[in-house]
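I set out to record a few local features of this model in my notebook. The entries follow the order in which I looked them up.

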Amino acid sequence: MREGRIEPDPWQERFYALALKVSGAVQASRWTRHTPELGFIYSFNGPHSLFADTIRSLRALALAHQLGQVLMGEGDRRVSLLLRLLQHAETTARFNVYFGTGRDTYDVRGRVAHESIFNVNDGAYRCPSSQQGFSPFTTWTRGLAWILCGYAEQLEFLATLPEGAFEGLGSQARILDRFVEVAQATADFYLAYTPTDGVPYWDTGAPGLARLGDYLARPADPYHDHEPADSSAAAIAAQGLVRLGHALTARGEAEAGRLYHQAGLTVARTLLDEPYLSTDAAHEGLLLHSVYHRPNGWDYMPPERKVPGGESSMWGDYHLRELALLLLREAEGKPYLKFFL
């Protein structure tokens, strides 16, 4: 409405704002305290569970904050949604993202744990976990993509705020540097552990990958019978790469920005063509060869195949549309696609 793409209506605009405010406050209320300075928005598994996925839900807190909303806690204590956003992001960075610093035996820079488990009695971190990946010590690629995209888009948002918005929350420069660190680490891991066309297999440690030889040196194969590719992870990661490229360019890092942006375009080019783009008019999906939940066996298995493939999921279809709209606006010189005001 503010872009002029739909007819202005003051009542509807107020209603939209109310819905967005409520969404941000409700999301922020799902809170587990880790330390006095940190905590996280817990997953549907319960207060012990921090998901990588939730980083993208921070959009709700950011926009609600911009609309003037706070969370009213016990005793009418006002809780800043921007503070909760930053605390959740830092907790996620510390426990769900690895930086190659020797944290454990499997600490590879940019690797992501889908879930972190905490003791709800004292807030202490216990261990990595995974609901949809192969193991806690391998990287489920859609979880990796959530982190890459989530930190990149929040980096764009935080860079637009005035320095005064961070009063009492920390140094804006250090916060932005931290978001860059996370986004670049996960982007580099994604590019290093993904086949040449930009579509990853569903988990970097999936056991069947050992049968594929040097699979990272060629395009992904969605038709073999060892491990499925996951186009939904690619759609999410592609947007993250494009946004990271824009953010770094805006920070004066033009060459790094160009490389990540180009990587995102390469992934998009793959997804917007066969065999990933659905061209059957009778098919209800958009993006083929996506994986919803491999361990639980919830994905369509084509006849005579041993692994899932050939179908769509909400994660892939939504993010392919978001990616396509981002690139279309860029190509046509229209307003940049962003979630914030």
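Before placing any residue in a loop, I note that helices are DSSP runs of H or I with at least four residues, strands are runs of E with at least two, and both are numbered from the N terminus. I also note that the model is predicted.

**Entry 1: Thr54.** I located Thr54 in the loop that runs between β3 and α2, the latter spanning 58–66. Is Thr54 buried or exposed? Its relative accessibility is 9%, so I entered Thr54 as buried, the cut-off for that class being under 20%. I then looked up its contacts, leaving out residues up to four places away in sequence, and found Gln27, Ile41 and His88.

**Entry 2: the sheet with β3.** I traced an open sheet of 3 strands, ordered β3-β6-β7, with antiparallel pairing. Which strands stand at the edges? They are β3 (49–51) and β7 (125–129); each has a single partner strand, so one side of each lacks a neighbour in the sheet. On average, neighbouring strands here are turned by 25° against each other, direction ignored.

**Entry 3: β6 and β7.** I examined the pairing of β6, residues 115–118, with β7 and recorded 4 bridges in the antiparallel sense. For Ser116, the bridge partner in β7 is Pro128.

**Entry 4: Asn121.** I found Asn121 in the loop between β6 and β7. With a relative accessibility of 74%, Asn121 counts as exposed, because that class begins over 50%. I also checked Asn121 against Arg33: the two lie 88 residues apart along the chain, and their C-alpha atoms are separated by 9.9 Å.

**Entry 5: α6 and α8.** I turned to helix α6 (residues 231–250) and helix α8 (residues 314–332), whose axes come within 8 Å and cross at roughly 30°. Angles under 35 degrees count as roughly parallel, and I therefore entered α6 and α8 as roughly parallel to each other. The crossing in which α6 passes α8 is left-handed.

Which residues make the contact? From α6 I listed Ser232, Ala235, Ile236, Ala238, Gln239, Val242, Arg243 and His246. From α8 I listed Trp315, Gly316, His319, Leu320, Glu322, Leu323, Leu326, Leu327 and Glu330. Sorted by class, the contact of α6 with α8 comprises 9 nonpolar, 5 polar and 3 charged residues.

Note on methods:
Residues numbered from 1 in each chain as written. Predicted model: local features only at pLDDT ≥ 70, side-chain atom pairs only at ≥ 80, totals over all residues. Heavy atoms only, no water. Axes fitted to C-alpha atoms, helices over the stretch in contact; angles between N-to-C directions. Parallel < 35°, antiparallel > 145°, perpendicular 65-115°, else oblique. Left-handed = near helix turned anticlockwise from the far one by under 90°. Contact = heavy atoms within 4.5 Å. Nonpolar A, V, L, I, M, F, W, Y, C, P; charged D, E, K, R; others polar. Pairing = 2+ DSSP bridges. Buried < 20%, exposed > 50% of the residue type's maximum accessible area, 1.4 Å probe, protein only.
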